[in-house]
Amino acid sequence: LSGGIADREFGHWMKTIEPNESFMNFPAVLTVCKTDIDDLCMRLTSAQEKRLDVPKSEESLPVIFNEYCTTWGNPSHENITAILNKIQNKGIDYFVIDCGWYKEDGIPWDRGMGEYIQSKTLFPSGIDKTVEEINKKGMKAGIWFEFETIGPRCKAFDKTEHMLKRDGIPLTTQNRRFWNMNDPWVKDYLKERVIDFMNDNGFEYIKVDYNDTIGLGCDDNDSLGEGLRKNMEASQEFFKRIKNEVKDVVIENCSSGGHRLEPSFMALSSMASFSDAHECVEIPIIAANLHRAILPRQSQIWCVIRENDSLKRIAYSVSACLLGRMCLSGDVINLDDAQWKVIDEGIAFYKRSAPIIKSGRSRLYRHTTGSDRHPKGYQAVVREGDDEILVTVHSFGGDMPKEIAVPVNAENILDVYSHKDIDVKITDNMLIISNPEEFMGCGILLKK
């Protein structure tokens with residue numbers, strides 16, 4: 001059994017402890033379980049729950065709208081206002097402005113990161129006016145940053161004295177360099193560009209992205225791995241500073257859609273983007289797997305709706321959000337009434353299910369063949385609360401059985417969500433779904 005910081009062979013980590021010095025690593029949580037992996041993982045994730053420190057607004061697991069899959073990195077006051085007019089009074093609580101709000105004309109969003117001065121072209125009256133519109137629609141405003149990195153078209157790209165280096169050379173990937181988060185100048189710079197910006201413009205939510213890797217590590221007197229550890233420790237200190245200086249802030253830990261889904265970063269966040277899987281079939285599989293790694297109440301799941309989506313496809317996407325936190329995006333401006341009806345019913349069902357998503361025990365039943373990228377068969381996730389049970393079922397096609405049978409210890413069915421009426425019943429402690437369709441998603445609430 002081994003754990004902790006990387007070793008010298010694979011992570012180039014060494015650290016010299018001088019006389020009268022000490023070094024403390026993160027605490028470890030271990031468990032032993034006689035039953036199965038779901039029970040074992042539930043024990044580990046429950047340890048994470050004890051470390052949570054989230055604002056009161058998070059207690060009801062609010063619904064998020066993120067405009068990234070609507071504008072694809074080109075948000076503006078004009079298109080955000082049009083979106084708001086379509087999604088008001090839909091039960092959405094947070095509206096997140098994603099990447100690109102700072103773009104200079106003609107420069108892609110991922111090339112100009114680092115300056116973080118709002119675009120006068122996209123927000124001619126100031127981004128605070130857009131925040132006001134979001135608030136008028138009854139939502140909290142969120143903003144995207146990737147504050148640890150610098151794009152090649154950013155004016156700060158040549159301030160290499162404040163950046164991470166390896167062998168004395170600034171660490172440079174195709175699209176990014178990386179701030180030295182321990183540098184006092186960097187701390188002051190980011191305080192102004194991130195914290196002061198949020199407070200000055202009324203943002204109550206921050207999505208923190210990180211879309212590259214520095215690899216093995218960076219220069220340090222002890223080792224490259226120790227340089228990396230120190231820089232990540234400093235990044236986490238900046239997370240804490242945001243929490244301390246932006247009142248009741250909601251922090252979304254994104255990072256390329258998932259590579260920071262580990263306990264120390266999750267303890268600093270209200271939630272995390274579960275993946276950069278925006279519209280693909282395997283979203284429910286990824287989301288179900290993550291019940292064994294993070295708390296569902298912290299797992300933000302994309303629900304991207306396209307104007308040509310069938311009602312079945314919409315219910316499939318919405319049902320995946322029952323495995324965590326609902327984050328809507330997509331072609332919401334062009335949806336018709338029938339499509340909105342399926343979404344509205346899904347939001348209502350999600351809110352009804354939120355207490356079980358927040359505090360429950362999960363068990364995964366998967367009957368699939370092929371790869372997770374091209375699955376066949378079906379899966380069911382049973383999330384058991386104190387008095388009720390939420391069962392989320394997705395079918396992926398292939399040779400489907402005439403009935404999907406899921407073990408449950410329940411008395412009766414309280415509510416069902418899908419794109420249409422489906423035949424469900426409880427028989428001998430089994431939930432039976434008759435004649436399941438290919439590529440179908442549904443949620444079922446049961447009374448214990």
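Ser255 is buried in this predicted model, and its relative accessible area comes out at 0%. The residue belongs to helix α8 (residues 255-258). Its backbone is a bit unusual on paper: phi sits near 55 degrees, a positive value in a residue other than glycine.

Asn20 also has a positive phi, about 70 degrees, and is not a glycine either. Its surroundings read quite another way, though. Asn20 is exposed, with a relative accessible area of 87%, and its place is in the loop between α1 (8-11) and α2 (37-49).

Now for the interior. Nonpolar side chains in soluble globular proteins tend to be buried together. Here, the largest nonpolar core counts 102 residues. Within that core, the residues with the most contacts are Phe95, Trp101, Phe145, Phe147, Ile206 and Ile242. Helix α12 (residues 337-358) supplies the largest share of this core, namely 9 residues. Apart from this core lies another one of 18 residues, with Val393, Ala410, Cys442 and Ile444 among them.

Phe147 gives a good look at the packing. Leaving aside residues up to four places away in sequence, Phe147 touches Tyr116, Trp179, Met181, Leu190, Val194, Ile206, Val208, Phe238, Phe239 and Ile242. Of these partners, Ile206 and Ile242 also appear in the list of residues with the most contacts inside the core.

Finally, there is helix α11 (residues 311-320), where 8 of the 10 residues are buried, so the helix is largely enclosed by the rest of the structure. The buried residues of α11 are Arg313, Ile314, Ala315, Tyr316, Ser317, Val318, Ser319 and Ala320.

Definitions and conventions: Residues numbered from 1 in each chain as written. Predicted model: local features only at pLDDT ≥ 70, side-chain atom pairs only at ≥ 80, totals over all residues. Heavy atoms only, no water. Core = buried A, V, L, I, M, F, W, Y, C linked by side-chain atoms within 4.5 Å. Buried < 20%, exposed > 50% of the residue type's maximum accessible area, 1.4 Å probe, protein only. Helix = DSSP H or I, 4+ residues; strand = E, 2+ residues; numbered from the N terminus. Contact = heavy atoms within 4.5 Å.
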